[in-house]
Amino acid sequence: MDHRGVLIDGFERVKETVHATLDGLSDEAMTARLDPEANTIAWLIWHLARVQDDHVAGVAGSEQVYTSAGFASRFGLPFDDGDIGYGQSSDDVAAVTPPAALLLEYVDAVHDRTAQYLGGVSAEDLDRVVDENWDPPVTLAVRLVSVLSDDLQHVGQAAYVRGVLERR
């Protein structure tokens, strides 16, 4: 397996775990909180997809799936289409209440765009600096692994919340 296969496999695992986490989940469980300030499953999944969509579109130089495929209007959230969840308040988290089917459709569309992009990334591309705002500057490889790490952490949190809710 080459670098493309490893990266695509990692992002495929995010998608598979999202599907397993949302499978058969009630709308009530999607928006339940373990405490009054906790993130919901719906918000965690929306956020991980938004981060992936935003960051991969940024390095690919393309429009985000969220806007290009009409997901922003379908989600109908009360914040800017460019928001990806960083720094959002507890009230913002509570506003993310989409049905599981819409979240899965968005996650799948983002995954497809990510896999398509990764299929054309060369080993040399991974050394390209994509963000000079950090010291050291961020390369494409670092950005992609960062997104993958963030997504895996958030889908793990969502799966954990589901498990706690099911044991209550």
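Select Arg 13: with a relative accessible area of 49%, this residue is partly exposed (buried means under 20% relative accessible area, exposed over 50%, partly exposed in between; 1.4 Å probe, protein chains only). The model is predicted: local features need pLDDT of at least 70, side-chain atom pairs count only at pLDDT 80 or more, and totals for chains, interfaces and linings use all residues. Residues are numbered from 1 along each chain as its sequence is written, and side-chain values use heavy atoms, leaving out hydrogens and water.

Add Asp 9, which is partly exposed at 30%. Its side chain meets that of Arg 13 in a salt bridge, 2.7 Å from N to O (a side-chain nitrogen of Lys or Arg within 4 Å of a carboxyl oxygen of Asp or Glu). The two are 4 residues apart in helix H1, about one helical turn (helices are DSSP runs of H or I, at least four residues, and strands are runs of E, at least two, numbered from the N terminus).

Next, select Arg 143 and Asp 131. Their closest N and O atoms are 2.8 Å apart, in a salt bridge. Arg 143 lies in helix H8 and Asp 131 in strand S1 (residues 129-131), so the pair ties together parts 12 residues apart in sequence. Both Arg 143 and Asp 131 are buried. The count of salt bridges comes to 7.

Now select Val 18. Leaving aside neighbours within four places in sequence, Val 18 is in contact with Ile 45, Leu 48, Leu 104, Val 107 and Val 155 (contact means heavy atoms within 4.5 Å).
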